[in-house]
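Reader: I am in my first year and would like a close look at one part of this protein. Could you take me through it with care, and then show me how the rest of the chain surrounds the subject?

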Amino acid sequence: MNKIYLTFLVLFSFYGYSQSQPEKNLKQNQYSNPIFAGDYPDPSLLRDGKDYYVVHSSFDYYPGLLIWHSTDLMNWEPVTNALHKYVGAVWAPDLIKYNNKYYIYFPANNTNFVVSADSINGPWSEPVDLKIGNIDPGHVTDDKGNRYLYFSNGGYVALSKDGLSVTSELKHVYDGWKIPREWSIECFCMEGPKLFKRGEYYYLTVAEGGTAGPATSHMVISARSKSPLGPWENSPHNPIVRTNSSSETWWSKGHSTVFEDANGKWWMIFHGYEKDYYNLGRQTLLQPVEWTKDGWYKIPDNIQTDKPIAKPEGKTLPEFSLSDNFGGSALKPQWKFYSGVEASRFKVANNTLTIEGKGDGVGNSSPLVVVPGGHSYTAEVEMEIEGNATGGLTLFYDNKYYSGILADQNNILANLRGWQFPTEKNTHNRKVFLRLKNIKNTVDMFYSLDGKDWKKIENSVEVSGYNHNVLSGFLGLRIGLCSIGKGSVKFKNFVYKTL
C-alpha cells in the first residue's frame, strides 16, 4: 500500500455534533439530532465492548469507508480509512466483528466486496471481490458460527468460515412488509438489511419505501425469526420509524442499525434528509429503542426525532472544526478526492497543500472535498497559482453539477452551474484569497488580496436544487478545492465557520 495513502490514518479527534441549527431549549443532559451533520448516509454501527464504531457510504469519494469511534454515541473521532483502492462508488456497508477480526462488506460496481483487519485501526486488507450481485450486504452468524450474508432483495448466501468467499447460491426468504397503497412513497425498494440476535430470536431490520422521493417514503421495518434463515414474521409495530408528514423536520427516515449500548440500553442509528436542506444529504440520526413484553422493539411513545432526547452515558471527546491550516505532512481525514486518490498529485508541507492541475474544468479535475453540516456558513482559502493552472473554491455535487469562484493567473472567474466566465479581470498576480458565503442556500462569492479586505463579485448562486430528488446520485453538496489545467495550485489556511 502506498505510504501516502497510509498518511490518511487519523491522528486527531472529530466531534460528531450537529452543525445544523441547534435546539434552543436543549438541556445539559439532552442531545438533538443529527449526531453526524451533513452527508453521512447508510450508517452501520458496531459495538465492541464499551466502544462504538460507525462506517457510512462513501460513494466516489476516496479514501473510502472512514471508520469513526465513540464512547458515548455523541462524540466521534475518526480511526482510519479502510478502503484505498478505487473500486467504484461505494454504497451501504456493514461493519462487523467475528472471531476477533473486523470485516466491512460493501457493494460497488455491480458486485460486493469485503475488506478485513485484525485491528480496527488497520491495516485493512485490499478489497476482495465476492463475485455476487445485489446491494446492501448484511452479515449474520448462527449459534454454530455459520456465516451468512443478506441482501436488499430478501435473499441470503452462505459464507466461508473466513468470510472471504460465497459458498452457496442465493436463497430468497423474506418479502418485506406490505406498504399500504394509499401511502405516498417513492417505491417499495427494500434495502439495507441489518441483523442481530436477542434471546431466542434473530431480528432483521430493513428499509422500505425508497431512499428519497416524497418526505414520507423511507421507513424502518422489523421482522424476527428463531433461525437466521427464516421464516420471518413481521413486527406488529411496523413501520418502526417513518416520516408521517412533510411538515416534520426529518424526511425519508430509514436504513437503521439497532444495537444495545454498553449500559444495557437499546438504540437505533439511521439516516434522514432535513427539510429545506435536502442538499446536505442524508444525515445520521439516533433514537432510543424499547422492548415490549412479547419481544418486539419499538420507539418509545414520547420520543420524536426532531425533539430533545436524553443523552446516552459516556465521556466527551474534544471538539473539532473543519478548518485546516495544512500542518504536518498528511492530509487530514475530512478531505476526500472525488473519483479516487492519486497520491503523486498532491503533497502537504510547510502549512501548504499543493495539488497538481488536472483536466480542463471543475468536473474532471477530481477536486478535494469536505462535508459541510451547517445551514449557513463561510468557507475561505488562500491560493497561489503556478504555471497555467486555475484554482477554485466550489460547491460540488458531482462531476456534472457544481458552482463556485475560481482564479487563474490574473482573473477571477465565476462558475454558475457549469457556466464559467471571467467576472473580475486583472485583479491579482497569481496570489489571491477566495470565499464562499452560504446563507440558507443563497451563496455569495468574494475575493481578497490580503485576506482582510474582501470584495464581493456580482455573481451569486442558489444551491437548494443540488440534491438527489433533482439530480439523482444519492449525494450531498460538498465544499471543494480545485486545481485545473497545466501547473499546480498551492492552498493555505482553509477556514470554515458556521453562521
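**A close look at residues 323-497**

Author: Over residues 323-497 the chain is 2% helix and 56% strand, and the C-alpha atoms at the two ends lie 8 Å apart. Helices here are DSSP runs of H or I with at least four residues, strands are runs of E with at least two, and both are numbered from the N terminus. This is a predicted model, in which local features need pLDDT of at least 70 and side-chain atom pairs count only at pLDDT 80 or more, while totals for chains, interfaces and linings use all residues. Residues are numbered from 1 along each chain as its sequence is written, and side-chain values use heavy atoms, with hydrogens and water left out.

For residues 323-497, UniProt lists "domain: Beta-xylosidase C-terminal Concanavalin A-like" in an unreviewed entry; the positions are given in the numbering used here, the feature name is shortened, and such an annotation may be inferred rather than shown by experiment.

One residue to look at is S339, found in the loop between β25 (336-338) and β26 (346-349). S339 is not a glycine, and yet its phi is positive, at about 75°. With a relative accessibility of 34%, S339 counts as partly exposed, a class that lies between buried (under 20% relative accessible area) and exposed (over 50%), as found with a 1.4 Å probe and protein chains only.

F59 can be set beside S339: it has a phi near 50°, again a positive value in a residue other than glycine. F59 lies in the loop between β3 (51-55) and β4, and is buried, with a relative accessible area of 5%.

Two cis peptide bonds can also be found along the chain. One joins Y62 and P63, with omega about 0°, and P63 has its place in the loop between β4 (61-62) and β5 (64-70). Another runs from G230 to P231, with omega near 0°, and P231 lies in the loop between β17 (219-225) and β18 (233-234).

For the protein as a whole, the secondary structure comes to two helices and 36 strands. Its radius of gyration is 23 Å, close to the 23 Å that the globule rule gives for 499 residues, so the protein is as compact as a globular protein of that length; the radius is taken over C-alpha atoms, and the rule is 2.2 Å times the number of residues to the power 0.38. Along its principal axes the C-alpha trace spans about 75 × 45 × 40 Å, and buried residues make up 62% of the 499 residues.
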